[in-house]
Amino acid sequence: IMVDTKEEAYSLAKDIKMSMVTKPALNMLEVFLPDYVTKEFNEYIDGVRESAKSFSHELVGQIKSNEKSAQLDMNFEDKPVKGLKALLEGFTHSYLSFLGCADAKSDCVSMWTVHSYEGDYNPLHDHGVNTPTGMSCILYLKVPPQIEKLSGSAKEYETGGLKLDLNNASGTTDGFTFFSWGMNCTSDIKQLKPVQESFVKPEVGKLLMFPNWLKHSVSPFYGEGERRTLSANFEIELKTMPLLADQKILAQSPQ
């Protein structure tokens, strides 16, 4: 093929079809709840905080630096918790439907809040359930102002302006959630292997839903204020196998 001029190159380019084919390694559902939902649940938590049972015996979080640091079990008999349980199970159904498992059954088997203060952190871990298939979620309920002002918001992702600079002790990821689904190192990235980790900025009302095997941690933060999250685990009963990526693409393509 001989192309001698820019005009000939442009003409040829118009006849060439090209697309980047991505093979996903992780599916994560991101939901943004309205302010009145987070406000109502925060009010409920404030009301039961002194009487709620500790859930720390089930968790690896190092939440202990403040007298108010706590990991609290949510009571499924309470109306707000029962309502949130139904809402979260609906989100798992949306997640599973996306993977071709609309007939799967989901049961939220545990739910707890984490009340973190300066110096508290959560080491890298995953969540266990009693079924072969399981899911977990994180809902951000309160975020201290020093974390809110950091870059990394969902809006910055949308506008393409996100840049997390970890150099020079920047503190860019203080209080962020870290997710890891592989063992890549810097040299792997130079070999064009996909990134297998991500930092997520806490934002009030943001809910992340993911498979329970996904390892994650929380970096400590510094300064005043409470970082409050809610987490839950779900046992999943699959009646059909999830579609593989290529199968899902074919299933969604017009015939």
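The following exchange concerns the fold of a predicted model.

Trainee: How many helices and strands does the protein chain have?

Mentor: The protein chain comprises 255 residues, of which 39% count as buried. Its secondary structure consists of seven helices and ten strands.

Trainee: Which strands stand at the edges of the open sheet, each with a single partner strand?

Mentor: Four strands form this open sheet, in the order β4-β9-β6-β7, and their pairing is antiparallel. A strand at the edge has a single partner, so one side of it is left without a neighbour in the sheet. The strands in that position are β4 (122-125) and β7 (197-200).

Trainee: Which residue in β9 does N122 stand opposite?

Mentor: Strand β4 pairs with β9 (residues 215-218) in the antiparallel sense, over two bridges. In β9, the residue opposite N122 is V218.

Trainee: Which element gives the largest share of the largest nonpolar core?

Mentor: In soluble globular proteins, nonpolar side chains tend to be buried together. Here the largest nonpolar core has 30 residues, and F41, M74, L88, M111, L207, L230 and F234 touch the most other members. Elements giving two or more residues to this core include α2 (35-48), α3 (79-98) and β10 (227-237). The largest share, six residues, comes from α3.

Trainee: How many residues does the other core have, the one that lies apart?

Mentor: L207, in the largest core, touches residues including L29, L88, F91 and I138. Apart from that core lies another, with L26, V200, F210 and L214 among its members. The number of residues in this other core is eight.

Technical notes. Residues numbered from 1 in each chain as written. Predicted model: local features only at pLDDT ≥ 70, side-chain atom pairs only at ≥ 80, totals over all residues. Heavy atoms only, no water. Pairing = 2+ DSSP bridges. Buried < 20%, exposed > 50% of the residue type's maximum accessible area, 1.4 Å probe, protein only. Core = buried A, V, L, I, M, F, W, Y, C linked by side-chain atoms within 4.5 Å. Contact = heavy atoms within 4.5 Å. Lists of a residue's contacts leave out its neighbours within four places in sequence.
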